[in-house]
Amino acid sequence: MLSTNSEYLRPEIMDVIRAFDCEEEDFTHYFSFTGGKFFNSIEYKGSFHDFENEYKVEDEVVFRRLAKRYAKLAFYKVLSEVKGTLPWGALTGIRPTKLAYGELAEGRDFNALFNEMGVNDAKTSLVKSILETQKGIYCNNGGQDLFISIPFCPTKCEYCSFITAPISSTRNYVESYIDCLVREIHAVKPLIKKLNSVYIGGGTPFVLDLLQLKRIYSAINEEFPDVPEYTVEAGRPDVFTDEKLQLTKDYGVTRICVNPQSFNDNTLRAIGRAHTSEQTILSYIKADKYGFDINIDLIAGLADESVADFEKSVDTAISLNPENITVHTLSLKSGAKLKENVKRLNVAGINEMVNLSRTKLTEAGFSPYYMYRQKYQAGGLENVGWCKQGKACVYNINVMEEITDNVAVGSNAISKRLYADEDRIERYASPKDIPTYINKVDKIIEDRNKLFLEG
């Protein structure tokens with residue numbers, strides 16, 4: 001248990017303590033600021049540790065940021081001596097690349113900060129590679145990206161924390177949900193001045209039938225006929241049909257996602273999937289004929305997979321030659337079945353899996369182009385999107401780096417308005433529950449308009 005005299009530092013400190021699986025251990029922490037120096041004193045296992053760091057800038061925002069940074073670093077130094085180092089050191093935020101961009105904007109080399117925070121060379125190199133791939137896309141030209149939430153799936157996977165539910169138990173809501181979604185799509189037209197991309201995500205959008213998909217596509221096409229980048233996270237291969245693919249192509253979609261997560265049938269059964277790896281391959285071949293850029297999602301650490309099992313999935317994905325491959329690391333998430341049964345992810349070989357994917361994807365001509373981290377992630381690792389040259393997904397970069405407005409419609413959709421001059425983001429989240437969303441759609445439209453049209 002943590003005892004500290006500074007409650008606003010508690011969340012940051014607890015992130016480090018959790019990373020070392022030490023929540024049940026006792027820590028006493030005392031923080032002070034005197035004479036232009038931060039002081040952090042820690043008592044742990046009967047030993048006392050004192051740290052001090054200088055501060056010269058008179059700015060409250062910077063002061064609080066540095067206070068959190070040095071408190072985390074103090075705890076990391078104490079625990080890493082006992083438990084060993086972590087790949088990302090004392091960095092616990094979900095966007096290391098955003099931190100790197102912040103340092104560069106201030107005229108500083110982010111390598112120095114990453115080194116101070118204990119980030120290992122491989123992760124620093126990964127960030128450098130991502131920033132290099134993002135050149136030409138990362139900018140502050142603003143504009144908006146449109147996200148459309150489809151919260152329906154064939155089944156619920158054990159690792160999934162989204163509000164998605166099996167279509168068999170939510171089918172009665174689908175038509176009303178699409179009615180509301182179409183209303184929202186028409187309502188956001190005045191909010192979008194410069195459209196960068198459209199992303200229809202899930203859930204599994206292709207679980208909808210042909211006419212339902214057409215209603216959504218038609219509303220988008222009516223309001224936004226020329227979409228520079230248009231993605232549909234089509235989802236699981238067992239819901240792919242030629243008719244849905246043709247319809248999707250006819251409405252101008254440029255990019256789809258095929259999300260098998262694994263190419264091992266035992267794993268697919270264990271996580272609650274109703275398809276086989278062979279179905280994934282056949283669905284990919286079918287989709288590829290329509291000329292989409294295709295992304296394949298994989299997850300490292302699923303269902304007791306070995307390194308060899310995961311290597312098979314990586315090799316199979318590469319052999320299909322998609323434009324993008326995203327490698328996630330398994331994470332414990334609130335609301336997921338997995339978290340009901342597991343308190344801590346200790347995945348054997350997880351570092352080998354992630355390192356192996358990086359080596360193989362690099363050798364196959366892919367470059368990392370976006371990355372984010374999550375709490376309770378196996379090995380304290382990360383999720384990385386990889387792309388062929390010139391095939392980075394603009395939406396993913398804009399959203400992960402938080403460099404554009406995000407206008408989001410549907411249940412559990414989070415809109416974000418960027419105030420670049422103030423280094424501030426305001427958010428509006430729609431209800432997660434589908435019936436609540438349907439009943440409150442008028443209020444949702446009103447509140448989102450206030451976010452983007454006022455102030």
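Where does D21 lie? I located D21 in the loop between α1 and β2. I note at the outset that the model is predicted.

**Entry 1. Backbone outliers**

I read the phi of D21 as near 60 degrees, a positive value in a residue other than glycine. Most residues other than glycine have a negative phi, and most peptide bonds are trans. I therefore recorded the departures from both habits.

I found a cis peptide bond between G202 and G203, with omega about 0 degrees. I placed G203 in the loop that runs between β8 (195-201) and α7.

I also entered D423, which takes a positive phi near 50 degrees in the hairpin of β16 and β17. Four residues lie between the strands of that hairpin.

**Entry 2. The hairpin strands**

I then followed the pairing of the two hairpin strands. β16 and β17 (residues 424-429) run antiparallel and are joined by six bridges. Within this pairing, I found S415 opposite Y428 of β17.

**Entry 3. The four-stranded sheet**

I traced an open sheet of four strands in the order β1-β2-β3-β4, and its pairing is mixed. Which strands form the edges? I identified β1 (2-4) and β4 (47-54), each of which pairs on one side only. From one strand to the next, I noted a twist that averages 15 degrees.

I next examined β3 (residues 37-44), which pairs with β4 in the antiparallel sense over eight bridges. K37 has E54 of β4 as its bridge partner.

Two helices pack on this sheet. I recorded helix α1 (residues 10-19) as touching β1 and β2 (27-34), with a direction at about 150 degrees to that of β1. Helix α2 (residues 60-83) touches β1, β2, β3 and β4, and I noted about 35 degrees between its direction and that of β3.

**Entry 4. Helix α3 against helix α5**

I looked up how helix α3 (residues 96-105) and α5 pack, and found an angle of about 75 degrees with the axes 10 Å apart. Angles of 65 to 115 degrees count as roughly perpendicular, so I entered α3 as roughly perpendicular to α5.

Which residues make this contact? On the α3 side I listed P96, T97, A100, Y101 and L104, and on the α5 side V127, I130 and L131. By class, I entered seven nonpolar residues, one polar residue and no charged residues for this contact.

**Entry 5. Helix α7 against helix α8**

I turned to helix α7 (residues 210-223) and helix α8 (residues 242-250), whose axes come within 10 Å and cross at roughly 10 degrees. Since angles under 35 degrees count as roughly parallel, I described α7 and α8 as roughly parallel to each other.

I listed L210, L213, K214 and Y217 of α7 as meeting E243, K244, L247 and T248 of α8. The residues of this contact divide into four nonpolar, one polar and three charged.

**Entry 6. The largest cavity**

How many cavities of 30 Å³ or more does the structure hold? I counted two. For the largest, I recorded a volume of about 110 Å³.

I listed its lining as A122, K123, L126, V327, T329, V354, N355, S357, R358, E382, V384 and W386. The elements that give two or more residues to this lining are α5 (121-133), β12 (324-329), α13 (350-363) and β14 (383-387). I noted that α13 gives the most, with four residues. By class, I entered six nonpolar, three polar and three charged residues for the lining of the largest cavity.

Helix α5 thus appears in two of my entries: it packs with α3, and it gives residues to the lining of the largest cavity.

**Entry 7. The second largest cavity**

I read about 60 Å³ of space in the second largest cavity. Its lining comprises N398, V399, E402, T404, N406, K416, L418 and I425. The elements that give two or more residues here are α14 (394-401) and β16 (414-419).

I divided the lining of the second largest cavity into three nonpolar, three polar and two charged residues. Strand β16 links this entry to the hairpin of Entry 2: β16 gives residues to this lining, and β16 is joined to β17 by six bridges.

Technical notes: Residues are numbered from 1 along each chain as its sequence is written. This is a predicted model: local features need pLDDT of at least 70, side-chain atom pairs count only at pLDDT 80 or more; totals for chains, interfaces and linings use all residues. Side-chain values use heavy atoms; hydrogens and water are left out. Axes are lines fitted to C-alpha atoms, for helices over the stretch in contact, and angles run from 0 to 180 degrees between N-to-C directions. Angles under 35 degrees count as roughly parallel, over 145 as roughly antiparallel, 65 to 115 as roughly perpendicular and the rest as oblique. Contact means heavy atoms within 4.5 Å. Ala, Val, Leu, Ile, Met, Phe, Trp, Tyr, Cys and Pro count as nonpolar, Asp, Glu, Lys and Arg as charged, and the others, Gly among them, as polar. Two strands pair if DSSP finds at least two bridges between them. On a 1 Å grid over the protein atoms alone, a cavity is a set of points where a 1.4 Å probe fits but cannot get out, and a pocket is an open set with protein on both sides within 12 Å along at least five of seven lines; lining residues have an atom within 4 Å of a point. Grid points are joined across faces, edges and corners, and a volume is the space filled by probe spheres set on the points.
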